[in-house]
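This report walks through one protein chain, starting from a single residue and moving outward to the strands, the cores and a metal site. Keep the structure in view while reading.

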Amino acid sequence: MSGLEACLFDLDGVIVDTAKYHFIAWRQIADELGFAFSERDNERLKGVSRQRSLDILLEIGGLALDEESKARLAEKKNGFYLDDIRKITPAEILPGAEGFLWECKAAGLKTALATASRNSALILDLLRIRSLFDVVVDGNKVKRTKPDPEVFLLCAKELAVEPARCVVFEDAEAGIEAARSAGMISVGIGDPAILKRANMVAPGLASLTVEMMLAAFDPGKERATR
Ligand code: G6P
Ligand code: MG
């Protein structure tokens, strides 16, 4: 018998391919500020809040700005990002994501969206998948950004499930750390060389099944994956 009760999904880079739009928008800001910003640099921005992302970006560029300029830049980045996001359709749901959510429902598992994004309501509407999540916890609800576990712990609380009975799907290093700190099993979505600290890594939800998760969550095997 499995001890798994809930699946918690990050949004950007796990459910939908918006991670590339975040990158493009931040690179536009870096261009304007006059420094290079690579995809490897961008890994540090994944999963963290808009404000924290800007702080990391400025650190990469070796710049220090006052709070007012930072607020203006964060808003500008969001404008660039929204220009792309407003055009997204369900075709941009990542392969296997919607099917996996339906499988969760069929298996009686609870589902939550756990993201630092403040744009999640718009994205879920455009993708028409809001109803597939029992709970949505986003950047408007939490104070601390991943790697802090707050977003995942609040999902578990709202779902009324113990953290140890949750599995987290994440494409960001910060998200994997947050899952670990929350006492949850983590599945990295992406490159195993980057997501080294996850309990397991897959290229996408298309290569995973709920059955695999239930088996991995067998209490006897659980410790072995840590
Ligand atoms: C997600 C993304 C981050 C992004 C953050 C805030 O966690 O992985 O790259 O910075 O959300 O998103 P927002 O849509 O509020 O700017
Ligand atoms: Mg992500």
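Lys70 counts as buried, because its relative accessibility is 11% and the cut-off for buried is under 20%. The model is a predicted one. Lys70 belongs to helix H4, which covers residues 67-85. Setting aside neighbours within four places in sequence, Lys70 is in contact with Gln51, Leu54, Asp55, Leu58 and Leu65.

**Helix H1 and its cover**

Helix H4 also has a part in covering another helix, H1. H1 runs over residues 19-33 and has 15 residues. From its first C-alpha to its last it reaches 21 Å, close to the 21 Å expected at 1.5 Å a residue. Which residues of H1 are buried? They are Ala19, Tyr21, His22, Phe23, Ala25, Trp26, Ile29 and Ala30. The cover over these buried residues includes helix H2 (39-42), helix H3 (50-61) and H4. Just after H1 comes Gly34, with a positive phi of about 90°.

**The strands**

Strand E2, residues 110-114, has four of its five residues buried, so the rest of the structure largely encloses it. E1 and E2 run parallel and are joined by four bridges; Leu8 has Ala112 of E2 as its bridge partner. E2 is also joined to E3, again running parallel, by three bridges. Here Ala112 stands opposite Val135 in E3. Together, E2, helix H6 and E3 make a right-handed β-α-β unit.

A second right-handed β-α-β unit is made by E4, helix H8 (residues 173-181) and E5. E4 covers residues 166-170 and pairs with E5 in the parallel sense over four bridges. Val168 stands opposite Ser186 in E5. E5 in turn pairs with strand E6 (residues 200-202) in the parallel sense, over three bridges, and Met200 in E6 is the bridge partner of Val187.

How many of the five residues of E5 are buried? Five of the five are, so E5, at residues 185-189, is largely enclosed by the rest of the structure. In a regular strand the side chains alternate between the two faces of the sheet. In E5 both faces are covered: Ile185, Val187 and Ile189 are buried on one side, and Ser186 and Gly188 are buried on the other.

**Nonpolar cores**

In soluble globular proteins, nonpolar side chains tend to be buried together. The largest nonpolar core here has 54 residues, and Phe9, Ile15, Phe100, Phe169 and Leu205 have the most contacts inside it. Not counting residues up to four places away in sequence, Phe100 touches Cys7, Phe9, Phe169, Leu205, Leu208, Thr209, Val210 and Met213. Another core lies apart from the largest one; it has 19 residues, among them Ala114, Val137, Cys166 and Ala182.

**The magnesium ion**

The protein donors of the magnesium ion (ligand 2) are Asp10 (OD), Asp12 (O) and Asp171 (OD), which lie 2.0 to 2.1 Å from the ion. Along the sequence these donor residues are spaced D-x1-D-x158-D. Asp12 and Asp171 link distant parts of the chain, being 159 residues apart. Asp12 is in the loop between strand E1 (6-9) and H1, while Asp171 is in the loop between E4 and H8. Both of these residues are buried.

**Backbone details in loops**

Two residues that are not glycine have a positive phi. They are set out below.

| Residue | Phi | Loop | Relative accessibility |
|---|---|---|---|
| Arg128 | about 60° | between H6 (120-127) and E3 | 66% |
| Ala160 | near 60° | between H7 and E4 | 65% |

Are Arg128 and Ala160 buried or exposed? Arg128 is exposed, because its relative accessible area is 66% and the cut-off for exposed is over 50%. Ala160 counts as exposed too, at 65%.

One further loop has a feature in its peptide bonds. The bond from Lys146 to Pro147 is cis, with omega near 15°. Pro147 is found in the loop between strand E3 (135-137) and helix H7 (150-159).

Methods
Residues are numbered from 1 along each chain as its sequence is written. Chains are lettered from A and ligands numbered from 1 in the order in which they are written. This is a predicted model: local features need pLDDT of at least 70, side-chain atom pairs count only at pLDDT 80 or more; totals for chains, interfaces and linings use all residues. Side-chain values use heavy atoms; hydrogens and water are left out. Helices (H or I, at least four residues) and strands (E, at least two) are DSSP runs, numbered from the N terminus. Buried means under 20% relative accessible area, exposed over 50%, partly exposed in between (1.4 Å probe, protein chains only). Contact means heavy atoms within 4.5 Å. The expected span of a helix is 1.5 Å times one less than its number of residues. Two strands pair if DSSP finds at least two bridges between them. A crossover is right-handed if, with the strands pointing away from the viewer, the path from the first strand over the helix to the second runs clockwise. A nonpolar core is a set of buried Ala, Val, Leu, Ile, Met, Phe, Trp, Tyr and Cys residues joined through side-chain atoms within 4.5 Å. Donors are N, O and S atoms within 2.8 Å of the metal (3.2 Å for Na, K and Ca); water is not among the atoms, so sites may look incomplete.
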